[in-house]
Structures are given as structure tokens and as C-alpha cells.
Amino acid sequence: MGSSLQLFLALSLAMAAILLLGRLLLSWWVMPYLAYRKLKSNGFSGPKPSFPLGNLNDMKKLKNTDSTSSSLSTISNDIHSTAFPYFSQWQKSHGKVFIYWIGTEPFLYIADPEFLKQMTADIKGKNWGKPNVFKYDREPMFGNGLVMVEAEDWVRHRHTITPAFSPANLKAMSSLMVDSATNMLDRWTGLINSGHPEIDVEREIMSTAGEIIAKMSFGMCYETGTKVFEKLRDMQITLFNSNRYVGVPFGKFLNPRKTLKAKALGKEIDALLRSIITDRSSKPSTGEPEKDLLGVLLVENTVDGRKKRALTTEEVVDECKTLFFAGHETTALALTWTLLLLGLHPEWQNQLREEIKEVLGDGKMIDATKLGGLRKMGWVMNEVLRLYPSAPNVQRQARQDIQVDKLLFPTAPTFGSMLFP
Ligand code: HEM
């Protein structure tokens, strides 16, 4: 009896081990390889990968070579080659569309707008999902916020959030933005006048953008909002330093301390946000909902005769985090590059100063309805975003095999389109 039990246990363990191995082989080898074969049959090539890192080592090597050879004394505006030297190198050998691997995950790199138009034309948006490979890694930052949700959930979230960005709402928030920007500029003037003219512009703008988004999100609860955003920024930096092995088998276990720190921060942030939401929800209603982002997310609509919020509390928490991450660094980076480029082109500084005087006048108050009249400012911002896109690529994954003319886009790979000229 004893020995048959032992045999049974041994067989069960062996079976479980075989099943686990089979599952790992399927997800690390068979599925990616099949997707790769389908992509190759479309005629795409790419750098040769190795198991289990894919092309990560080549990326690291090319990045190191580039950082030692490039010089910051000349500004070519070719940020793509500086930030992504491996993509530039592979473009030279494989063209503007090619396959590369991060760990055991195949990616299709796309830097050809015509190709992109062709592959997305007539295909319903819901057939393109958000990449599975980043879900675990981005969860503490975005949860199930807009950047991560798909299909009907995306429609529901988007429908709820859109009113927050109506021209009337943005106009109401413009004075908050002017206040924070004025404080920052006063600080800079103080530094210059005191004989310390060295200013870390990126850092200053990043913290001002954080302050603005905290006020936009929580209005009067801005103090607690700022605490949340300091923690969010800390989490972002921690995650950025810890997710070097996305796509590599067991990659999430390679930086356990940082991953755990990010998770712990995530929990603290969620708890802080939940307490802000509870405070707001328990405040006696004055009739008019608050106009800040949180107020918009908490609006109740009548469904089947009952007042109901479109988003659950967890979803509101996730949207608050999403708006911070999506809206804070993007804007701050765009403004920082703008100042750098204006520093290099004083003639454009003069043109913009003239335009601002003409359209908005000399006063400290800004009439937000007149901002649309700043045409040259628009040209400058567009050029900055063209040369230095703050969100340089957008990624999607087909939710089912998608056939476009003779091309087949299979489900497993992530399609990343680069927004560079
Ligand atoms: C220069 C500034 C900005 C740039 C370059 C930028 C860029 C982008 C890009 C490329 C996407 C598409 C991402 C994807 O679908 O995978 C996106 C989405 C998004 N952005 Fe921005 N963004 C900027 C400012 C902002 C601001 C200020 C906010 C909010 C306060 C914001 C909130 C969002 C949200 C919520 C999404 C998801 C939209 C959706 O899926 O429906 N962004 N942004």
C-alpha cells in the first residue's frame, strides 16, 4: 500500500512537471515561433534572436557603443538614433518594418506611415488589443485605466472621462495652470537675480506639471493629491529601473526588491486615492458636481431608475493614476524640449513673444478662449512633437489573426509603431 502510494505520488509529480514544461515550451517557444513564421511569410526579416533574451543583448551592446561615440556638443535633432540606436541600425539592414524580439516575445517594428495606414484601414479598433506582455509590468501604474482597457470597457471609460476635457472645463482650469507656471517663473527670476542662474529646467517643469495635474485631478484636495503624485512618481522611477527584462521568461523575478517596492507603493497609492474618493463621496452634495477630474469621474447617472456611477471605485482609482502618468511626463517633456529648441533659435523666441503680446496682451491674466489664436505657437509645438515625440511609440496586439490584402497579422506579436519622422 505504502509503495503504491509512493508510486502514485511520483507519477503525479512527473505528470505535473511534464505538463508545466509543456506549458512553458508552448508559451516561450511554440506560440512565438508560429507567430514569427506567419510574420516571416509576409516577407518581414529582422535581427537574429537567441533564447531566452531575444535581441536584448544586441540592444544593450548597440546602446553602449552609441553612448560612447555620440557627442552632445552638436544637436542634430535625430533623437531616434540617440535614444534607440538599435532600431536605427536595424532599419539600415531590414527597412522600416522588421521583426525583433524582447525575450521570447516577437515585436513588429513599424516606422512606415503608409504601411500603418494599410494595416489599420477598415479594421475595427476593437480587433487591436493592448499588448499582453506589458500588462503585469504596467499594472501598478495604470491598473485598468484607459491606457490598458479594451473594447466595451474602453468605450465606457472613455465616455465617462471625455467631459473632463471639454473646452469649458479646460477653460475653468486654466487659472490653476497659470498660477503654477507663474510661481515657477518667479522662482527662476529669483534664482537669476540672486546670482545663481543655473536652473534644472527639466526637473522644474516636471514638478510644475505634477502640481498642475494634482490640482486638476483633485481641486481642493490638492494637498493630499500632491502626496499621491509624489508616491506615483517614486513608483514610476522604481518601475523604470526594474523592468529591464519584460518578455524574458521569469523576468519579473529578476529584480525582486524593486518589483516589491513598486507593488507596496502601488498599494499605498490605491489606499490614499480610495480615501480621497470616500471623503468626496461622503461630502453633502451642493447640487453642482465638482469640476475637477475626480468630480467628473464620480458623476452619477440614472440607470434603470437608480443613480449609479459609470465606474467602480477601483476603476476611478486606476483612472486617477492613468491621468497622472499619461498627462504629466508627456507634457513636461514636450515643454522642456520646446525651451531647448527655442534657446537654440532666438529668432523664434522673438516671433513667439510678439505673437503672445498681440493675441493675449501684456497683462498677467490669460483669456483661455484666445489661446487658439497663437498660430505660431502651434507650429512650434507641432514641430517639437514631430522631432521629439514625448510618447514615441504606440503598441497594439491583434486579438485575432487579421488579414489585410496579402498580409496576415497574427495574434501573438506586439505591433509597435514609431512616431518619428
Ligand atoms: C504633449 C503631451 C501629450 C502627448 C505627446 C500624448 C501622447 C499620447 C499618445 C501617443 C497616446 C496614445 C497611447 C496609446 O493608445 O497606446 C495617448 C493617450 C492618452 N493620453 Fe496623452 N499625450 C499628451 C498629453 C496628455 C495629457 C495632458 C493627458 C491628461 C491629462 C493625457 C491623457 C491620455 C489618456 C487618458 C490616454 C489614453 C486615451 C485612450 O486610450 O482613450 N495625455 N497620449
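For the tally of residue classes used below, Ala, Val, Leu, Ile, Met, Phe, Trp, Tyr, Cys and Pro count as nonpolar, Asp, Glu, Lys and Arg as charged, and the others, Gly among them, as polar. The model on screen is a predicted one.

**The ligand**

Select the ligand and the residues around it, and you should have a shell of 14 residues, among which Ala326, Gly327, Thr330, Ala334 and Ala391 are the closest. Coloured by class, this shell divides into 8 nonpolar residues, 5 polar ones and 1 that is charged. Helix H13, which runs over 313-344, gives the largest share of the shell around the ligand, namely 7 residues.

**The whole chain**

Zoom out next to the protein chain, which has 15 helices and 9 strands, and whose C-alpha atoms fill a box of roughly 90 × 60 × 50 Å along the principal axes. Of its 421 residues, 27% count as buried. If you draw the contacts between residues at least 6 apart in sequence, 69% of them join residues at least 24 apart.

**Two domains**

Colour 2-133 together with 392-418 as domain 1, and 158-344 as domain 2. The centres of domain 1 and domain 2, taken over C-alpha atoms, are separated by 31 Å. Where the two domains meet, 10 residues of domain 1 are in contact with 7 residues of domain 2, and the residues on the domain 1 side of this contact divide into 6 nonpolar, 3 polar and 1 charged.

**The largest nonpolar core**

Now select Ile213, Leu293 and Cys320, which touch the most other members of the largest nonpolar core, a set of 39 residues. The elements that give two or more residues to this core are H6 (135-142), H9 (201-218), H10 (222-242), H11 (256-282), H12 (293-297), H13 (313-344) and H15 (375-387), and H13 provides the largest share with 9 residues. Centre the view on Cys320 and, leaving aside residues up to four places away in sequence, you will find that Cys320 touches Ser217, Leu273 and Leu294. A second, separate core has 25 residues, including Leu39, Leu53, Phe107 and Ala111. As background to both selections, nonpolar side chains in soluble globular proteins tend to be buried together.

**Along H11 and H6**

Leu273, which was just seen beside Cys320, is one of the buried residues of H11, together with Ala262, Gly266, Ile269, Ile276 and Arg280. How far apart are the end C-alpha atoms of H11? They are 39 Å apart, which agrees with the span of 39 Å that its 27 residues should have at 1.5 Å a residue. Move then to H6, where Arg138, Pro140, Met141 and Phe142 are buried, and step just past its end to glycine 143, whose phi is positive, near 50°.

**Backbone exceptions**

The next selections deserve a look at the backbone angles, since most residues other than glycine have a negative phi, and most peptide bonds are trans. Begin in the loop between H1 (2-41) and H2 (56-69), where proline 52 lies; the peptide bond that joins phenylalanine 51 to proline 52 is cis, with omega near 5°.

Go on to phenylalanine 250, in the loop between H10 and H11, whose phi is near 60°, a positive value in a residue other than glycine. Is phenylalanine 250 buried or exposed? It is exposed, because there are 10 other C-beta atoms within 10 Å, and a residue is counted as exposed when 12 or fewer lie within that distance.

Asparagine 77, in the loop between H2 and H3 (79-83), also has a positive phi, of about 70°, although it is not a glycine. With 14 C-beta neighbours inside 10 Å, asparagine 77 counts as partly exposed.

**From Asn77 to Leu387**

Keep asparagine 77 selected and add leucine 387, which lies in helix H15. Although these two residues are 310 residues apart along the chain, their C-alpha atoms are separated by 6.5 Å. Leaving out residues up to four places away in sequence, leucine 387 touches Asn77 and Ile79. Leucine 387 has 15 C-beta neighbours inside 10 Å and therefore counts as partly exposed.

Technical notes: Residues are numbered from 1 along each chain as its sequence is written. This is a predicted model: local features need pLDDT of at least 70, side-chain atom pairs count only at pLDDT 80 or more; totals for chains, interfaces and linings use all residues. A nonpolar core is a set of buried Ala, Val, Leu, Ile, Met, Phe, Trp, Tyr and Cys residues joined through C-beta atoms within 7 Å. A residue is buried if 20 or more other C-beta atoms lie within 10 Å of its own, exposed if 12 or fewer, and partly exposed in between; C-beta atoms are placed from the backbone. Helices (H or I, at least four residues) and strands (E, at least two) are DSSP runs, numbered from the N terminus. A residue is near a molecule or strand if its C-beta atom, placed from the backbone, lies within 6 Å of it. The expected span of a helix is 1.5 Å times one less than its number of residues. Domain bounds come from an automatic or database domain assignment.
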